[in-house]
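Me: Could you walk me through this model, one question at a time? I would like to hear the reasoning as well as the result.

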Amino acid sequence: MSPRRKSRVIWSFVAIVIGLAFAAIGVLAIESPDLWLWLIVGTVFVITGVVGLLIGEAAPQVSMGSVVGAELIVLYTLTPVVYLVSLSLKGGNADVNQGGFLPHDPGFANYETVFQFELFQRALINSTGISIISTTISVVLATFAAYAVARLRFRGKKFVLSIALAIAMFPVVALVGPLFDMWRTLGIYDTWIGLIIPYLSFTLPMSIWVLSAFFREIPWEMEQAAQVDGATSWQAFRKVIVPLAAPGVFTAAIITFFFAWNDFVFGISLSSTTASIPVPASLAFFTGASQFDQPIAAIAAASVVVTVPIFVIVMLFQRKIVAGLTSGAVKG
Amino acid sequence: MASTTAAPGRRVKTRERTPEAAENRLAWKLAGPAVAVMLLVTAWPMLRALYLSLFSYRLTAPDDREWVGLTNYWVVLSDPLWWRAVFVAVFIMVVTVSVELVIGFGFAMVMNSILVARGLVRSSILVPYGIITVVSAYAWLYAFQPTTGFVNQWLHLDPSTTPFDNFWGSIMVICLAEIWKTTPFISLLLLAGLSQVPNDAVEAATVDGATWWQRLYKVILPSMRAAIMVAVLFRALDAYRIFDSPFIMTGFANGTAPPSGLVYNAMIQRVELGLGSAMSVLLFLSVLVVAFGLMKAFRVDLSQVRGE
């Protein structure tokens, strides 16, 4: 047997064993209705293994190890997300408190509750606005800086990159106290601008890194080549450089937006009312009818709502995000 | 890799009619605003923290503000609570980063060799990366709570037990949530590192009869050194600064407060600006120590990895 074939057979058996183990644990230990989840996952693995054994010959270039690995990755990444969705669909306290993974009495009541909640509506608006504005400012400033770093030769280039790196490692929580004090004096505590400014402290370094890595890959000579061919320098810049740079700028914007959308420390420290509270902070301040009653299912529903945009962006721009993350950090 | 991206600056230099001084000025005009903003939003508050840390100053009693010199630092450094927080952060850092390296490497290997459903796997890897940390913390908190969660039920644990009533249980769930959320980031960096492994070297080793382990240790891992280093450095510092997950899961109860939690409590909850500022400065210094220690351990200048 060739090593390739041998490894395919081994991995097919591994898949079958994993599948049977899931099914066995499900039947022996997991109560209904969650049993079905275990059986479904088990079946998927068993089918993978059987398919690998039977028709693996037809597609010899597909490695069974990576197929099994991919299934494990998807299981790993999606389990908590699926749980959150299922928690958000549970109807009533009895259903929430019965434990278990799947809802007994599914419905969309929690989503209605959440959207009627003023704090959450305002938080969505605040987060969207604040994240978009700080992303725009930081990407514009970072584009200039990254262009200089990637294309020009100047004293202090290393200083610019080192500052960006140092600030990327900075413990932002150390800033909240002084900012809290300063913002109250300046009268911008609990305002959009009061959050946008500190957000720049972590979005700018990120954008500069991602963009300077991208810009280094751009063949800048093409601009001159176009000029030689008779284009004006503005035409050359617009027709040649902008289309090459735009994807990098867009990627930097997505990653920066993730950072701003994710912020929690500044959100809970520098805002206090619906005037500026962002989504992550609002999630932490949800309370039910009484202060002691944490509306778990409603928080789950709200969490799902704020995760949907992330999901959509990831699905649409997966390739770009991966390129941006890795080139920003590893390209040498 | 440095050769493929060899400094574009050199090409610029040979271009005609560009006096160096003019280029220098232009560069600073372009980069200046970003640098100014970065310094303004970090250096300025940090200097202010340095100044405030020398006072006994509570926001609720601003008239009692009094110069106390280094007393605040002494108060913090002689408090076992601070050292416990440092221990918590270092513990979380060591556990999460080492587990993430192992799982992340496995993921990277899969993504590197997969041919079918590549986009699907990469998209699903990006979901934990993109999700809000607070949301991920809630998912894990509820999963492990005995009433709402499935973990107790699936494992048939006593319904009256919860990991959140003791230190180790809470830390374990916090670590799990962190690992789940940030492994994708590490795996993507390692994937980029894997793509830099010279294929012919691996094949040559195979031809010479090296086993899988030998190839991994002698060829693959050494050529991924830069990627591994960057991943460890970034993640370790991130883990040391941990705040969101313990805030949501335990509210810093059961001694699970990391230094950033103590800073937040002192500054925002108790508005002790003097003491809190001293903690901020100490947190900043300890991050520097961790960063410096890691760079020393790797014996690499990060700016060189960047090809500068």
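Reply: Happy to! This is a predicted model, and a good place to start is the two domains of chain A, whose centres, taken over C-alpha atoms, are separated by 36 Å. The assignment places domain 1 at 3–106 and domain 2 at 112–327.

Me: How many residues of domain 1 of chain A are in contact with domain 2 of chain A?
Reply: The two domains bury about 570 Å² between them, with 85% of it on carbon and sulfur atoms. On the domain 2 side, 7 residues take part in the contact, and on the domain 1 side the number is 7.

Me: Which residues of domain 1 of chain A lose the most area to domain 2 of chain A?
Reply: The area shared by these domains is about 570 Å². Within the domain 1 side, three residues together make up 55% of what that side buries: Leu84(A), Leu87(A) and Ser88(A).

Me: Which helix gives the largest share of the side of domain 1 of chain A that touches domain 2 of chain A?
Reply: Polar links do not feature here, with 0 salt bridges counted between the domains and 0 residue pairs in polar contact where both are at pLDDT 80 or more. The largest share of the domain 1 side is 5 residues, and they come from helix α3 (residues 64–88) of chain A. By class, that side has 5 nonpolar, 1 polar and 1 charged residues. So that you have the name at the end: helix α3.

Me: What is the area buried between chain B and chain A?
Reply: The contact takes 110 residues from chain A and 107 residues from chain B. The size of an interface is often given as the accessible area lost when the parts come together. Carbon and sulfur atoms give 73% of that area here, and the total is about 9900 Å².

Me: Which side chains meet in a salt bridge between chain B and chain A?
Reply: The rule finds 1 salt bridge across this interface. Its N to O distance is 2.9 Å, within the 4 Å cut-off. The two partners are Arg48(B) and Asp181(A).

Me: Which helix gives the largest share of the side of chain B that touches chain A?
Reply: Across this interface there are 17 residue pairs in polar contact, both at pLDDT 80 or more. On the chain B side, the largest share is 21 residues, from residues 20–52, which form helix α2 of chain B.

Me: How many nonpolar residues are on the side of chain B that touches chain A?
Reply: The chain B side of the contact has 107 residues. Sorted by class, 13 are charged, 22 are polar and the nonpolar ones number 72.

Me: What share of the residues of chain B count as buried?
Reply: Chain B has 15 helices and 2 strands, and its C-alpha atoms fill a box of roughly 70 × 70 × 30 Å along the principal axes. Among its contacts between residues at least 6 apart in sequence, 69% join residues at least 24 apart. Of the 308 residues in the chain, the buried share is 54%.

Me: Is Thr203(A) buried or exposed?
Reply: Thr203(A) lies in helix α9 (residues 192–216) of chain A. Beyond its sequence neighbours within four places, Thr203(A) is in contact with residues including Ser134(A), Ser138(A) and Thr256(A). Its relative accessibility is 0%, under the 20% cut-off, so Thr203(A) counts as buried.

Me: What is the relative accessible area of Ser207(A)?
Reply: Ser207(A) is also placed in helix α9 of chain A. Leaving aside neighbours within four places in sequence, its contacts are Ser138(A), Val139(A), Ala142(A) and Thr256(A). Ser207(A) is buried, because its relative accessible area is 1%.

Me: What separates the C-alpha atoms of Tyr189(A) and Ser272(A)?
Reply: Tyr189(A) sits in the loop between α8 (173–186) and α9 of chain A, and is in contact with Ser272(A), among others. The two residues are 83 apart along the chain, while their C-alpha atoms are separated by 8.5 Å.

Me: What is the phi of Asp190(A)?
Reply: Most residues other than glycine have a negative phi. Asp190(A), in the loop between α8 and α9 of chain A, is not a glycine, yet its phi is positive, at about 60°.

Conventions. Residues are numbered from 1 along each chain as its sequence is written. Chains are lettered from A and ligands numbered from 1 in the order in which they are written. Side-chain values use heavy atoms; hydrogens and water are left out. Helices (H or I, at least four residues) and strands (E, at least two) are DSSP runs, numbered from the N terminus. Buried means under 20% relative accessible area, exposed over 50%, partly exposed in between (1.4 Å probe, protein chains only). Contact means heavy atoms within 4.5 Å. Buried area is the accessible area (1.4 Å probe) that two parts lose on being put together, summed over both. A polar contact is a pair of N or O atoms within 3.5 Å; within protein, one must be able to donate a hydrogen and the other to accept it, and residues adjacent in sequence count only if both atoms are side-chain atoms. Ala, Val, Leu, Ile, Met, Phe, Trp, Tyr, Cys and Pro count as nonpolar, Asp, Glu, Lys and Arg as charged, and the others, Gly among them, as polar. Domain bounds come from an automatic or database domain assignment.
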